[in-house]
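These are my notebook entries on one structure. I set down what I looked up, entry by entry.

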Amino acid sequence: MEYTVQKLASLAGVSTRTLRYYDEIGILKPARINSSGYRIYGQAEVDRLQQILFYRELGVGLDSIKEIVTAPSFNGAKALREHREKLLEKRIQLDLLIANVEKTIAQSEGRMNMSNKEKFEGFKKKMIDDNEIKYGKEIRQKYGNDTVDKSNAKLQNMTEEQYTEVSKLAEQVQETLAEAFKTGDPAGELAQKAADLHKQWLTYYWHEYSKEAHAGLAQMYVDDERFTAYYDKEQPGTAEFLRDAIQIYTGMKK
């Protein structure tokens, strides 16, 4: 079975523009171009598009997806099994959140009592699972399973007050960092305040703090495109600025 761009887009539920873009960046090339100049896709391309959409659903960036699916060692059957595991994890997250919402509804209707800890249980579990899906492999390789597991346990055991405090701290980090970036000086007072706030934020998640680990995480913000995209979404260069500020703050600036 062969498909034109239009037919494949309709089959997969994506736009023809998306398929053309995938062709341009080399992540999904057509099997051939026919005599009329139309892109023609075969079964292999259909299978690859399915893999791409699975990875997209799991929050993986296109650059990373391209590296994965175009690698000579890529194994489609193995990838499907991994997708299945990740989707099952995602289903567990959703089931937990649904149960949390149902309990909240029941409480609002006077049918049951719900502790404050229960109210935030689903959100904390989702945060942990999302981080595992997006960054788990890299973080575990860098810091080890024991460190990551302890960090996850610390987050899961947060009280409502701690959860509120760390959420406020995250906002303060972003606000202070944005102001500091305007100064262009990572060693300046504002930038160092942002680095200190970042440290305070980390202590809510990390089992124990070290300057080396803090500086290492800051470097990852620059090395890993997903972290860079997060910090650079408002102002390009912010990830590098934060990295420099933290390295100065920790005394690790080379």
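**Entry 1: salt bridges.** I began with D23, which counts as buried at 9% relative accessibility. The model is predicted, and I read every value below with that in mind. I found the side chain of D23 joined to that of K29 by a salt bridge, with 2.8 Å from N to O. K29, at 47% relative accessibility, is partly exposed. I then noted that a network of salt bridges links D23, K29 and R39.

I searched the whole structure and obtained five salt bridges. One of the others I looked up joins K182 to E179, with the closest N and O atoms 3.2 Å apart. Both residues lie in helix α8, and because they are three residues apart, about one helical turn separates them. K182 is exposed, with a relative accessible area of 63%, whereas E179 is partly exposed at 39%. I also looked up R243 and D244, whose salt bridge has its closest N and O atoms 2.7 Å apart. I recorded both R243 and D244 as buried.

**Entry 2: aromatic pairs.** How many aromatic pairs does the count come to? I recorded six. For F181 and F241 I noted ring centres 5.5 Å apart and planes at 75 degrees, so this pair is edge-to-face. F181 belongs to helix α8 (residues 160–183) and F241 to helix α12 (residues 238–250), so the pair ties together parts 60 residues apart in sequence. F181 is partly exposed at 22% relative accessibility, while F241 is buried at 6%.

I turned next to Y221 and Y231, a tilted pair with 4.7 Å from centre to centre and 40 degrees between the planes. Y221 sits in helix α10 (residues 211–223) and Y231 in helix α11 (residues 225–232), so this pair ties together parts ten residues apart in sequence. Both Y221 and Y231 are buried. I traced the ring pairs further and found Y221, F227, Y230 and Y231 linked into a cluster.

**Entry 3: a charge over a ring.** I looked up K199 and found that it lies over the face of Y209, 4.9 Å from the ring centre.

**Entry 4: the whole chain.** I recorded twelve helices and three strands for the protein chain. Of its 254 residues, 35% are buried. I noted an accessible surface of about 15,200 Å², with 51% of it belonging to carbon and sulfur atoms. Among contacts between residues at least 6 apart in sequence, 60% join residues at least 24 apart.

Conventions. Residues numbered from 1 in each chain as written. Predicted model: local features only at pLDDT ≥ 70, side-chain atom pairs only at ≥ 80, totals over all residues. Heavy atoms only, no water. Phe/Tyr/Trp six-rings, centres within 6.5 Å; stacked < 30°, edge-to-face > 60°. Helix = DSSP H or I, 4+ residues; strand = E, 2+ residues; numbered from the N terminus. Buried < 20%, exposed > 50% of the residue type's maximum accessible area, 1.4 Å probe, protein only. Lys NZ or Arg CZ within 6 Å of the ring centre and 35° of its normal. Contact = heavy atoms within 4.5 Å. Areas by Shrake-Rupley, 256 points an atom, 1.4 Å probe, with all protein chains shown as cover. Salt bridge = Lys/Arg side-chain N within 4 Å of Asp/Glu carboxyl O.
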